[in-house]
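Let's go through this one by asking what earns each label. Take a look at the sequence and the fold, and then we'll set values against cut-offs.

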Amino acid sequence: MLFVNLDIDIGHPFRVVHLFMHHKMPAPQLLKRDWQKDHVYLVQFPRMGCIPTASPFALKLETWLRLCKIPYTNVSNEFKIMSEKGQIPFIELNGRHYADSVHIIDVLKHEFKKDPEAMLNPLEKAQLVAFRAMIEDGLFWAIPYNRSRNFKWFTTEQGAGGHVHGIKKIVFEKIIMPKFTKMIKSKCHAQGIGRHNQLEVEKMTKEQFDALENFIAGKSFFFGEIPTTLDITAFGHITQFLYTPMASDELKNHLEQKCPNLTKMVHRLKDEFWPDWDEACSKLSLATTMEQAEGAAAAAAAAE
């Protein structure tokens, strides 16, 4: 079933509805046949208008690649190409196909000998695993829950509206999105979160926010002054509450007013690893890079 693995999330209505209606899982096919050795091809959804991607897992993975300075190129799945496991994002590396963001990061650590957690002790590594599970298996579900109640923005310029025009836009708004929203509600109900009302879900989500806030305390990142995969995982998810519309402003307000350390950490990562954030969103471009943005900023500063 779709959505069993949490890397299958809320950013791909075209392909998800197709798979749901036809009960098929995609076969693995290498998209980049003229690949370069030791270069990652990150397959993900097209850009959104209010956030680079509405998928917390894709944002996590792309930010992790930037953190570890691993060379990569984005490849659009055009809302229809999924991994062999029915997931987005996935990568192609040295002619091989890898799915699931947790597994992908394990592969990348091994292949590129990059490990942001190398300095952690066994207790800290255990804390990382536990909090990652809380985020990806718990906190995550508040995102599709809210989008099942407010997902009209996805068809506007804030979402994927800039990618569809004319009759396709009408079909997107009137046919695809209602079916997709209904499916999200069904999956949330099956998981359990959909059986709760809005106030109950907000209470549970706030408790998870508070747990992360208390864990980071006064540190720059969860384990000190250097970001790890846990920080990047939290970043991919917390940004969804800060930058995409929810059913209400309650959760965003709670983050900004009650979780200052957590929110500062998210903004710190955004500033450091996403200088091209605004450009990626305004141009709906998967081709922007942090290096280009930093170069442009340096040139502008020098010209002043």
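Q: Why is glutamate 272 called partly exposed?
A: In this predicted model, glutamate 272 has a relative accessible area of 40%. Buried means under 20% and exposed means over 50%, so with 40% glutamate 272 falls in between and counts as partly exposed.

Q: Where does glutamate 272 sit, and which surface patch does Glu272 help form?
A: Glutamate 272 has its place in helix α10. Together with Asp271, Glu291 and Glu294, Glu272 forms a negative surface patch. Asp and Glu count as negative, and that's the charge the patch is named for. As for helices, α10 (260-273) and α12 (290-303) each supply at least two residues of the patch.

Q: How do you know that valine 266 is buried?
A: Valine 266 is in helix α10 as well, and its relative accessible area is 1%. The cut-off for buried is under 20%, so valine 266 qualifies.

Q: What does valine 266 touch, leaving out residues up to four places away in sequence?
A: Valine 266 touches Phe235, Ile238, Thr239 and Leu242. A contact needs heavy atoms within 4.5 Å. As for phenylalanine 221, the C-alpha to C-alpha distance from valine 266 is 9.3 Å, with the two positions 45 residues apart in sequence.

Q: What makes arginine 47 and glutamate 62 a salt bridge?
A: Their side chains meet at 3.1 Å, N to O. The rule asks for a side-chain nitrogen of Lys or Arg within 4 Å of a carboxyl oxygen of Asp or Glu, so 3.1 Å passes. The pair links distant parts of the chain, 15 residues apart: arginine 47 is in the loop between β1 (40-44) and α2 (56-67), and glutamate 62 is in helix α2. By this rule the count comes to 12 salt bridges.

Q: Are arginine 47 and glutamate 62 buried or exposed?
A: Arginine 47 has a relative accessible area of 0%, and glutamate 62 is at 0% too. Buried means under 20%, so both get that label.

Q: Why say that the pair of glutamate 136 and lysine 60 ties parts of the chain together?
A: The side chains of glutamate 136 and lysine 60 meet in a salt bridge at 2.6 Å, N to O. Glutamate 136 lies in helix α4 (residues 122-137) and lysine 60 in helix α2, so the pair ties together parts that are 76 residues apart in sequence. Both glutamate 136 and lysine 60 are buried.

Q: How do you know that glutamate 173 and lysine 169 are partly exposed?
A: Glutamate 173 has a relative accessible area of 30%, and lysine 169 has 22%. Partly exposed lies between the 20% and 50% cut-offs, so both fit. These two make a salt bridge at 3.9 Å, N to O, and that is within the 4 Å limit. Both lie in helix α6 (residues 166-191), 4 residues apart, about one turn of the helix.

Q: What makes isoleucine 167 exposed?
A: Isoleucine 167, found in helix α6, has 61% relative accessibility. Exposed means over 50%, so isoleucine 167 counts as exposed. With Ile170, Val171 and Ile175, Ile167 makes a nonpolar surface patch of about 350 Å².

Technical notes. Residues numbered from 1 in each chain as written. Predicted model: local features only at pLDDT ≥ 70, side-chain atom pairs only at ≥ 80, totals over all residues. Heavy atoms only, no water. Patch = residues over 30% accessible without salt bridge, like charges linked within 9 Å, V, L, I, M, F, W, Y side chains within 5 Å. Areas by Shrake-Rupley, 256 points an atom, 1.4 Å probe, with all protein chains shown as cover. Charge placed at Lys NZ, Arg CZ, Asp CG, Glu CD. Buried < 20%, exposed > 50% of the residue type's maximum accessible area, 1.4 Å probe, protein only.
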